[in-house]
Amino acid sequence: MERDDIWGRLKQNTAPDVLVIGAGINGISVFRELGLAGANVILVDAADYCSGASAALSRMVHGGLRYLENGEFRLVQESLMERNALLANAPHYVKPLPTSIPISSYFDGVIGSTLRFFRLSQSQPRRGALMIKAGLTFYDLFTRKNKVMPSHQFFGKAATRQKFPQYRPETLCSATYYDASVTQPERLGFEIIEQTLAENPATLALNYTHATGRGDGEIILNDELSGQQTIVKPKAIINATGAWIDFTNDALTDEASSLRKRLIGGTKGSHLMIDNEELRKAIGDHMVYFENEEGRVCILFTYQGLVLVGSTDIRVENPTGMICTQEEQDYILKSLEGIFPDIKIAPEQIRFTFAGVRPLPHSNSAINGQISRDHSCVDLGPLAGGSAPVRCMVGGKWTTFRAFGEQVADAVLADLGMKRTHSTLDARIGGGAAYPQTEAQRRRWYQAVMSETGASQQRLKTLLERYGTKARDVAFACADQPDQPLADAETYTHAEIAHLINAEHVANMLDLVLRRTTLAISGTLTTDTLEDISRIFASQRGWDENLRQDHTTETRNYLSAYHGMKQLIEDHIEMETSNVP
Ligand SMILES: Cc1cc2nc3c(=O)[nH]c(=O)nc-3n(C[C@H](O)[C@H](O)[C@H](O)COP(=O)(O)OP(=O)(O)OC[C@H]3O[C@@H](n4cnc5c(N)ncnc54)[C@H](O)[C@@H]3O)c2cc1C
């Protein structure tokens with residue numbers, strides 16, 4: 001459906017059951033639960049879907065080994081259950097990830113972690129083999145009834161050296177366990193929205209739509225793209241704006257914010273995407289989960305052909321406009337050097353950076369790592385005036401989005417006198433539906449879609465990896481028309497990009513390169529790719545040459561300023577200079 005049509009429907013839907021403000025993964029999750037329960041629910045985001053913390057995660061779908069130190073057993077158990085559910089429901093994006101922990105002592109942390117567990121210490125203890133063994137044993141115990149991955153293993157010094165020869169020489173042993181990673185969290189979020197819209201036609205979702213209150217229960221929805229407005233009076237409001245929750249509450253009411261308890265104490269985290277062959281070889285197909293000099297857990301693994309390394313954990317007051325600073329880059333590289341001392345990373349090997357704010361509950365803890373990663377639903381009553389209660393989705397990990405959405409939906413449905421009759425615990429997500437898992441199933445899938453669309457098996461293999469079984473829609477969209485590869489990104493085609501622009505609520509070039517594809521994060525994007533993409537936009541959206549150039553410049557500047565893609569600007573200047581006669 002076109003954006004104008006969605007706005008048309010929004011203007012007529014003035015009294016929905018529920019308005020969900022914020023379409024990060026948690027807002028999307030509760031939108032799905034409410035939509036599937038038959039509610040008339042509207043989901044809006046001031047920016048693009050999954051463009052806040054839900055685009056900045058370390059891409060781990062995990063139990064959270066280190067949360068055991070904080071005594072968060074319930075959270076770890078729930079996360080492991082959700083991880084296993086995601087492996088089954090979204091096999092196109094969520095994949096098992098063998099993880100290695102290099103260990104440099106046997107007994108470190110036994111006293112420190114025990115004190116911390118009993119809240120008798122706020123310091124960050126180092127973790128020796130014994131502590132790690134205890135944590136991994138719990139991990140295995142929690143999943144023993146629904147075991148989908150191998151148990152953990154310990155390796156002595158010689159075996160560790162053989163497997164990871166580049167680990168620092170002080171490494172005494174290592175442990176390997178299994179968690180999971182998500183290849184395209186932004187696409188997964190969008191596919192849940194798409195599915196909900198299809199399953200309950202009464203639901204509506206709009207990106208670039210900012211919500212503010214009037215103090216009388218009515219909410220103004222502002223279209224950030226066209227400037228038009230509409231007013232809705234929902235029966236219930238869910239504030240799912242993550243690190244912006246307190247700001248949103250302020251905007252919903254004219255009540256002084258000082259009268260309310262602060263809900264969020266966000267911490268910023270940054271990541272680097274590094275193109276270094278030696279590092280890639282050193283880690284192979286494993287994630288390395290290690291502690292740096294100050295005892296902070298860092299991670300690295302091969303992601304989209306580069307090595308993703310992170311992260312930092314810095315308190316921030318305002319979550320808008322986050323970038324990975326030079327200090328953070330230096331910190332991450334220094335942490336990396338601590339574990340791989342012989343691997344040198346050149347500045348130009350950092351191809352992409354990203355940063356975001358964890359929407360953690362407000363806390364006075366001296367150590368950011370000790371702030372709970374658990375989620376809670378805070379009911380503020382009719383904060384926005386009128387009678388609609390405002391419920392805030394505070395905290396939570398990406399991994400637990402389904403359980404969190406279910407919990408909040410149940411509370412809201414009870415208010416509405418409705419009940420949830422479905423369960424999403426075993427509901428396949430988007431292109432995870434009927435996903436061919438074995439070689440034989442894949443062959444059958446290729447045969448069927450090849451005969452329907454005329455696409456080659458090689459092309460379908462690429463599309464299946466990229467979109468799961470939604471690849472069939474893409475292949476259909478590309479069929480029966482002249483098509484050509486995208487400049488410097490040959491596995492994408494013009495018709496494929498045009499399809500994404502038209503079918504996936506794409507408002508601008510950034511939505512496409514950052515959140516509907518992996519063109520930016522994989523470091524694939526060049527000035528020529530951007531030029532190509534802008535021409536496809538121009539043909540689909542009727543942009544004239546000036547507008548096309550403006551959009552291209554804006555996109556290039558944004559990627560350079562917010563994602564460290566300075567190369568795009570340098571290449572562009574070089575290209576311009578070489579064109580001067
Ligand atoms: C550095 C980092 C690493 C992480 N790593 C992991 C990990 O590996 N695994 C894991 O499980 N979790 C991880 N997390 C946590 C996880 O990413 C977050 O908990 C989760 O994405 C939060 O989702 P959310 O929907 O609550 O918030 P967000 O994704 O931030 O969504 C909030 C949305 O609200 C919108 N908004 C704000 N104000 C308004 C308004 N007035 N009107 C309309 N919309 C508005 C914003 O545009 C935004 O899109 C990480 C987080 C960070 C920052």
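Domain bounds here come from an automatic or database domain assignment. With those bounds, 34 Å separate the centres of domain 1 and domain 2, taken over C-alpha atoms. This is a predicted model, where local features need pLDDT of at least 70 and side-chain atom pairs count only at pLDDT 80 or more, while totals for chains, interfaces and linings use all residues. Residues are numbered from 1 along each chain as its sequence is written, and side-chain values use heavy atoms, with hydrogens and water left out.

Let's get our bearings along the chain. Domain 1 takes in 3-53 + 186-262 + 373-415, domain 2 covers 98-180 + 265-366, and domain 3 is 435-579.

Now look at where domains 1 and 2 meet. Nine residues of domain 1 are in contact (heavy atoms within 4.5 Å) with twelve of domain 2. Together they bury about 1,100 Å², with 60% of that coming from carbon and sulfur atoms; buried area is the accessible area (1.4 Å probe) that two parts lose on being put together, summed over both. On the domain 1 side, Ala243, Arg262 and Arg373 supply 49% of the area buried against domain 2, more than any other three residues.

Charges play a part here too. Two salt bridges (a side-chain nitrogen of Lys or Arg within 4 Å of a carboxyl oxygen of Asp or Glu) cross this interface. Arg373 turns up again, forming a salt bridge with Asp313, with the closest N and O atoms 3.5 Å apart.

Finally, there's the ligand. It has 36 residues around it (a heavy atom within 4 Å), and Asp45, Ser54, Met60, Gly396 and Thr399 come nearest. Backbone atoms get involved as well: an N or O atom of the Ala53 backbone lies 2.9 Å from a ligand oxygen. For Ser58, a polar backbone atom is 2.9 Å from a ligand nitrogen, and for Met60 that distance to a ligand nitrogen is 2.7 Å. The protein covers 95% of the 1,000 Å² of accessible area (Shrake-Rupley method, 1.4 Å probe) that the ligand has on its own.

Definitions and conventions:
A polar contact is a pair of N or O atoms within 3.5 Å; within protein, one must be able to donate a hydrogen and the other to accept it, and residues adjacent in sequence count only if both atoms are side-chain atoms.
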